[in-house]
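Subject: Structure for you to look at

Hello,

I am handing over the structure we spoke about. Please open it first, then read the notes below.

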Amino acid sequence: MDSAASKKPCCVSSERVREFFTSAKFLIYLGHSLSTWGDRMWNFAVAVFLVELYGNSLLLTAVYGLVVAGSVLLLGAIIGDWVDKNPRLRVAQTSLVVQNSAVILCGILLMAVFQYKEQLSTMYDGWLLTSCYIMVISIANIANLASTAMSITIQRDWVVVVAGDDRSNLADMNATVRIIDQLTNILAPMLVGQIMSFGSHFIGCGFISGWNLFSMCLEYFLLWKVYQKTPALALKSGQKNTDDQELKHLNKQKEIGNSESPVEGSQLMNETAEVKKKTSCCYQMTEPIRTFKDGWVAYYNQSIFFAGMSLAFLYMTVLGFDCITTGYAYTQGLNGSVLSLLMGASAISGICGTVGFTWIRKKCGLIRTGFIAGVIQLSCLVLCVASVFAPGSPFDLSVSPFEEVLKHLFGDSGSLRESPTFVPTIEPQIHTNATVFEEAPQVESYLSVSLLFAGVIAARIGLWSFDLTVTQLIQENVIESERGVINGVQNSMNYLLDLLHFIMVILAPNPEAFGLLVIISVSFVAMGHMMYFRFAYKTLRSRLFLFCSPEQKPDPNIPSLSNSV
């Protein structure tokens, strides 16, 4: 009898484990892990490949970064609108196939270029090789746009539907997805970097192409399983409304066709003329422009507009572990070993912030969590400002921040060079985490750079908590039929501010001006959090007013956050 009683809890626990590993939630985690792993490997490798192809020049990498940023800026709203107006499964599967097929095709093309680069450079005066470069950048850009669509539909829509009405469950899923992002952002570049180091770039291209082929097949199957296990994914308000309007119009045509009323007949003629107008060639050609405008207008009219803008402003910063910060660290005497340890500490700090988000949200509510995260981030960034004036800082306002740019453009003679060698590194959201420096210059004091990275690493706790807060605010308060277009515009805003921070570095590239960039970055982060504080104050005050006045009708412009305050 005792043995039977002891077996019962074991059976229950094994049943729960089996249910979890077959649940839609776990399948989304698994699919996202495969997708993110492939994305991080490709984003790291493509920058390295382009540098290697163009003789260790950053020209192709800079062009690729500009093309990617410009494409998302212009097409973010259009991609989101396409996500909204089509069935969920079709959007996810189409994005998946296009993204992975583009990466596979690009990998094969790169393998051919690496293998026959010398022959291609001599054919048609090098124009054939240039055409290959253009094709690589164009196909890689298509892969990035498809990845953007995939991210919107899975992380901003499917996750919300799978979580259901349980906001705690939604917060846990968002946090788990973000932890997966942070782990793959460190581990995936390390793997592909080792493959290229011990093998070759040719082998690296082949490995990434093979991985994407395997991942595409498995992810396609996982998407179908999640769709089967979650019937709510088959229902989409935007798609349903469109179908209802078309059906209503057809029924109205039949009813009026059987009627002899001249008023109803003229109404039918007007509606028919409107339909013909919408199907005309000119109307169809200007449709993307209208979608772009309507998307940005809809984003501006959202109740969470200031919350979304606050998140975008955090992208206007040099205080992150990208190529700019690691390059500055090298000029301050930090070698590759120390930088890798700092990147690991940054990842741990980010995971702590992600885990802390779920705990603080349960205790304080969603809006207050964002407020607390903002205070933590700004408090930690005070160390970065202090590093500008600490011993060992190269900060010097007497050195013109534009001196380096003018020198490269005009040279010492003052005349414009025919082929300037200065090529800025513009790589939005492409982080070369595996950068290794063999030797580093010596400096008098490490206090300044120590304060800088202490502040950057500690601020990741508040940064990732705040990012998850705004993400969930958008998920909860944007209506289902507009989730795609609003998140598309949000991505465009993020890319815009990210691109501006690279332009800021181009204008002041010397280490003596980095302190000025730090101060500007902290100022933008502070402005972003001031926008969020305004949003939080307005929302909390309106909620308090409604609680004190039960007869007062809720304001439609105030987000419905009764469970989040």
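A cavity here is a set of grid points where a 1.4 Å probe fits but cannot get out, and its lining residues have an atom within 4 Å of a point. Please keep in mind that this is a predicted model.

The chain as a whole

The protein chain has 20 helices and zero strands. It runs to 565 residues, and 47% of them count as buried. Among contacts with a separation of 6 or more, 84% are between residues 24 or more positions apart. The accessible surface is about 27600 Å², and carbon and sulfur atoms account for 64% of that area.

Helix α18

Helix α18 covers residues 447-477. Its 31 residues, at 1.5 Å a residue, should span 45 Å, and the end C-alpha atoms are 45 Å apart, so the expected and modelled values agree. The helix also has a bend of about 35°, located at Arg460. As for cover, 24 of the 31 residues of α18 are buried, so the description "mostly covered" applies to this helix.

The cavities

The structure holds four cavities of 30 Å³ or more. I looked at the second largest, which contains about 60 Å³ of space. Which residues line the second largest cavity? They are Tyr328, Ser387, Val388, Ser393, Pro394, Ser448, Val449, Leu452, Phe514, Gly515 and Val518. Helix α18 appears again here: α16 (366-389), α18 and α20 (514-548) each supply at least two residues of this lining.

Two aspartates

Asp39 lies in helix α2, which covers residues 24-53. Is Asp39 buried or exposed? Its relative accessibility is 15%, and buried means under 20%, so Asp39 counts as buried. Leaving aside neighbours within four places in sequence, Asp39 is in contact with Gln99 and Ser147. Asp39 and Ser147 are 108 residues apart in sequence, yet their C-alpha atoms are 8.0 Å apart in space.

Asp81 is found in helix α3, residues 59-85. With a relative accessible area of 18%, Asp81 is buried as well. What does Asp81 touch, not counting residues up to four places away in sequence? Its contacts are Thr291, Gly484 and Val485.

Regards

Terms used. Residues are numbered from 1 along each chain as its sequence is written. This is a predicted model: local features need pLDDT of at least 70, side-chain atom pairs count only at pLDDT 80 or more; totals for chains, interfaces and linings use all residues. Side-chain values use heavy atoms; hydrogens and water are left out. Helices (H or I, at least four residues) and strands (E, at least two) are DSSP runs, numbered from the N terminus. The expected span of a helix is 1.5 Å times one less than its number of residues. The bend at a residue is the angle between axes fitted to the seven residues ending there and the seven starting there. Buried means under 20% relative accessible area, exposed over 50%, partly exposed in between (1.4 Å probe, protein chains only). Contact means heavy atoms within 4.5 Å. Accessible areas come from the Shrake-Rupley method with a 1.4 Å probe; for residues, only the protein chains shown count as cover. On a 1 Å grid over the protein atoms alone, a cavity is a set of points where a 1.4 Å probe fits but cannot get out, and a pocket is an open set with protein on both sides within 12 Å along at least five of seven lines; lining residues have an atom within 4 Å of a point. Grid points are joined across faces, edges and corners, and a volume is the space filled by probe spheres set on the points.
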